[in-house]
Amino acid sequence: MTKKSKKEMTPTALNSSAPLHATFWERNEASDGILLKETIKKYAISIFRGILLFGMCFMIIQPILNKISVSLMSERDLYDTTIILVPKHFSINNWKIASTIIEYKKTLFNTVWVSLLVSIIQVCVCSVVGYGFSRFQFPLKKFWFFCVILIIVIPPQTISTSLFLHFRYFNFFGKTINLRGNIIPYILLCLTGQGLKNGLYIFMIRQFFMGFPFELEEAAYVDGCGPFATFFRIMVPGAKPIITSCFLFSFVWQWTDSFYSNLFLGNVKMLSIALTTVVDKFGIYLNAMNNGVGSVIAPVGYANAVLSTAMLLGIFPVIILYVFCQRLFVESLASTGVKM
């Protein structure tokens with residue numbers, strides 16, 4: 001057996017030359033040591049991959065574990081230097097205080113229905129626009145697609161003053177209307193493709209449709225379908241992966257958004273807004289519990305514990321959503337990558 005032939009032989013091929021019930025070492029001897037080297041290499045790569053994935057997951061999960069630990073501590077545990085992660089005196093008082101401060105039931109309901117409504121509108125509009133950019137020719141097509149890229153590149157904070165003035169003094173057939181304080185500005189922005197991250201969704205959907213074979217549409221046209229019938233009957237069912245991805249992205253970004261929520265939804269209490277005022281409201285809560293006698297200053301450690309608990313209340317619904325949708329979400333991203 002030459003040196004070249006040894007390198008080209010695989011462990012499976014080498015095993016075929018050994019007896020049927022030979023041990024590992026007998027097969028390794030028959031392969032002149034190649035089987036042992038390949039086995040060590042395989043397990044070394046697996047161990048390295050496992051350590052790398054564990055480290056990455058730990059970096060993400062460790063802050064959440066710390067917040068869960070702090071949320072279950074009593075006030076005296078917060079200042080006990082001997083406690084690292086597991087509290088000595090378990091308490092759910094922080095959860096009660098946090099839910100009371102942020103009015104959890106009301107804010108959760110508002111956040112869910114606003115996020116759902118905005119996500120559905122965004123996905124519907126962006127799907128139509130992305131399909132149009134991928135399939136049809138129209139005047140100034142490249143210019144309009146350049147505008148879509150600008151929506152991705154330019155941060156919304158740069159046009160916040162313009163957005164505020166536009167919707168604060170909205171001109172409706174010559175009559176000035178104040179649209180701030182409700183969800184109407186959100187809906188108008190989403191319907192016109194100017195909502196939060198709409199440019200990114202249009203780009204993703206356009207790239208996905210670019211990978212669709214034109215023969216499918218030509219066959220639909222031959223069968224008598226028009227552009228809209230072809231889009232809804234042929235393209236949308238095949239675009240479920242990218243539509244699912246965009247919907248989940250939109251829902252999560254809307255859930256955590258505070259810029260547009262502060263700018264427009266002044267009268268609609270959202271979780272993202274409520275979390276920014278937890279520490280201030282905690283001091284008011286302590287004064288109310290003290291019946292207004294004197295002025296109670298909220299301890300820093302205790303205030304941070306309540307803030308951590310409120311953050312957990314805000315992210316738990318999104319985590320639950322991901323647990324139920326992770327298989328579909330991962331499949332959608334994998335399919336999107338193949339199509340693109």
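Ring pairs join seven aromatic residues into one cluster: Tyr131, Phe136, Phe208, Phe209, Phe212, Phe231 and Phe232. I should state at once that this is a predicted model.

Within that cluster, let us take Phe231 and Phe232. Their rings form an aromatic pair of the edge-to-face kind, with 5.0 Å from centre to centre and 70 degrees between the planes. Are these two residues buried or exposed? Phe231 has a relative accessible area of 6%, and because the limit for a buried residue is under 20%, Phe231 is classed as buried. Phe232, by contrast, is exposed, at 51%.

Phe209 of the cluster also appears among the contacts of Ser134. Once neighbours within four places in sequence are set aside, Ser134 touches Arg206, Phe209 and Met210. Ser134 belongs to helix α7, and its relative accessible area of 5% makes it buried.

The structure as a whole has 26 aromatic pairs. One of them is the stacked pair of Trp95 and Phe316, whose ring centres are 6.1 Å apart and whose planes differ by 10 degrees. Which parts of the chain does this pair link? Trp95 sits in helix α6, residues 93–101, and Phe316 in helix α18, residues 300–339; the two are 221 residues apart, so the pair links distant parts of the chain. Phe316 is partly exposed, with a relative accessible area of 30%.

I turn now to the surface. Phe138, Leu140, Phe143, Trp144, Phe146, Leu150, Ile152, Val153 and Ile154 make a nonpolar patch of about 840 Å². Leu140, one of its members, is located in the loop between α7 (104–135) and α8 (141–153). Why is Leu140 counted as exposed? Its relative accessibility is 56%, and exposed means over 50%.

Helix α14, residues 240–256, permits a check on geometry. Its 17 residues, at 1.5 Å a residue, should span 24 Å, and the end C-alpha atoms are indeed 24 Å apart, so the two values agree. The buried residues of α14 include Pro241, Ile242, Cys246, Leu248, Phe251 and Trp255, and also the polar-named positions Thr244, Ser245, Ser250 and Gln254.

Finally, the chain overall. It contains 18 helices and 2 strands, and 35% of its 340 residues are buried. Of the contacts with a separation of 6 or more, 69% are between residues 24 or more positions apart. The accessible surface of the chain is about 20,800 Å², and carbon and sulfur atoms account for 69% of that area.

Note on methods. Residues are numbered from 1 along each chain as its sequence is written. This is a predicted model: local features need pLDDT of at least 70, side-chain atom pairs count only at pLDDT 80 or more; totals for chains, interfaces and linings use all residues. Side-chain values use heavy atoms; hydrogens and water are left out. Patches are made of residues with over 30% relative accessible area and no salt bridge: like charges are joined within 9 Å, nonpolar side chains (Val, Leu, Ile, Met, Phe, Trp, Tyr) within 5 Å. Accessible areas come from the Shrake-Rupley method with a 1.4 Å probe; for residues, only the protein chains shown count as cover. A salt bridge is a side-chain nitrogen of Lys or Arg within 4 Å of a carboxyl oxygen of Asp or Glu. Helices (H or I, at least four residues) and strands (E, at least two) are DSSP runs, numbered from the N terminus. Buried means under 20% relative accessible area, exposed over 50%, partly exposed in between (1.4 Å probe, protein chains only). Contact means heavy atoms within 4.5 Å. The expected span of a helix is 1.5 Å times one less than its number of residues. Rings of Phe, Tyr and Trp (its six-membered ring) pair if their centres lie within 6.5 Å; planes under 30 degrees apart count as stacked, over 60 as edge-to-face and the rest as tilted.
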